[in-house]
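Colleague: Please take a close look at a single part of this model, and set out what surrounds it.

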Amino acid sequence: MKAHDGMYIDGTWRPAAGSGVIEVVNPADEEVIATVPAGTVEDVDAAVRAARAALPAWAATPPAERAARLAALRDVLLARREEIAETVTAELGSPLKLSQTVHAGVPVAVAGSYAELAATYAFEERVGNSTVLHEPVGVVGAITPWNYPLHQIVAKTAPALAAGCTLVVKPAEDTPLVARLFADAVHEAGIPAGVFNLVTGLGPVAGQALAEHPDVDLVSFTGSTAVGRRIGAIATGMVKRVALELGGKSANVILPSADLSRAVNVGVANVMSNSGQTCSAWTRMLVHRDRYEEAVELAAAAAGKYGDRIGPVVNARQRDRVRGYIEKGTAEGARIVAGGPDAPREKGYWVRPTVFADVTPEMTVAQEEIFGPVLSVLRYDDEDDALRIANGTVYGLAGAVWAGDEAEAVAFARRMDTGQVDINGGRFNPLAPFGGYKQSGVGRELGAHGLTEYLQTKSLQF
Ligand code: NAD
């Protein structure tokens, strides 16, 4: 057990203002592995003041220099990837291989993409008789969740730095260790003091203080819709910019002409990865009624193979929540064909990979984000029915379409109310804008679209 001290503020680890601590627990076995300080309003204020003081110089830094710092950051993240992977596995519970490829690997790609964008982006453009300047928004308050703990921090920090903003990050209480490691990486990359600051702490205390701070110009939040709504209200009330990356209930639409086995197997893997704790997971599989039973059998067989290889969920609350949803699914008439609500292990926050058949669109398990390894398989009659079901939730973050013919899949994807659609198993693209339609959020992350979130425009007329 390691007791960590300090907050990363103004380029150094300085003692926290209060004496409260947060215990970090390994979800696989419930051991307390570390403590970190629980930041207070004073810590947040000190961090925001440091970010404000560092803003003029960083905003005036030539983009090529910001690009060089981001490239250095990418290199540090790459050099420390093993330590990053082990840290995420210890505090999130994800299998080490997933931690290596995704939790440690994706942030390297994203940091690298912003090194390149900072160097190449047109921060000035000519429109008729005007020159339009794309200037940094200012001081950013970033509040991040635990499910992809480093990715979420980098997906906000890298574009903010590329834009010339300074920032304060408040990471999730469950996963503060990789956030601390990231602060060390920022330091090692030579990013000037005060440009990046880290305050660990509880959401309703440190998170809220950051969202409410009058000197924060933009709040960027990823997490639950409930908290996102509150943060949106605070920011709007103070006329601050706000970006919200919230939940999802994405549809995996398998059209009759698709390769069923491939679509089902990739679909199940998509849901079970990271123990289902992915906001963009395809948690609703939509299958034509003629191929429904075959799909259910394939899905049950695929899920059955996972056992406890998927890793636990993050904490006891999340485990209980997921199990509660599994019980609710049964109570509302859905049929469990794999997994179930019982605990597969005595210690740790384990949930069985679960597949529900006979799910109808209005059931709770087809409407609400479960954030666990639970897949609902729904039946549709024809394409219009599939579209109604796919679009029939309050969310619209991601999705998938499978068809024998790519053009057929694209035609369906065009009609979906959602921010991303993978066609026949399309690969993750770190440059593609990521974000929600409807209640899945406001704004976009990643690539050039993610960069513009951190810019504001000024027009000079000639
Ligand atoms: P959460 O929304 O409570 O936490 C996300 C972040 O917000 C954390 O850093 C937290 O400390 C902070 N926070 C909490 N309350 C706050 C407040 N009042 N003011 C400011 N900041 C606050 O999410 P959670 O409890 O960790 O997870 C609950 C559910 O949220 C999950 O089951 C899932 O459905 C959803 N979720 C979605 C995502 C996503 O990527 N979209 C990520 C994590 C969780």
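Modeller: UniProt positions are given here in the numbering used for this model, with feature names shortened, and the annotations may be inferred rather than shown by experiment. On that footing, the unreviewed UniProt entry lists residues 13–459 as "domain: Aldehyde dehydrogenase". This is a predicted model, in which local features need pLDDT of at least 70 and side-chain atom pairs count only at pLDDT 80 or more, while totals for chains, interfaces and linings use all residues. Residues are numbered from 1 along each chain as its sequence is written, and side-chain values use heavy atoms, with hydrogens and water left out.

Residues 13–459 are 43% helix and 19% strand, and their end C-alpha atoms lie 40 Å apart. Helices (H or I, at least four residues) and strands (E, at least two) are DSSP runs, numbered from the N terminus.

The part I would pick is Thr 364, which is found in helix H12 (residues 364–367). Thr 364 counts as buried because its relative accessibility is 11%; buried means under 20% relative accessible area, exposed over 50%, and partly exposed in between, with a 1.4 Å probe and protein chains only. Leaving aside residues up to four places away in sequence, Thr 364 touches Tyr 325, Lys 328 and Glu 332, where contact means heavy atoms within 4.5 Å. With Glu 332 there is also a side-chain polar contact of 2.6 Å. Such a contact is a pair of N or O atoms within 3.5 Å; within protein, one must be able to donate a hydrogen and the other to accept it, and residues adjacent in sequence count only if both atoms are side-chain atoms.
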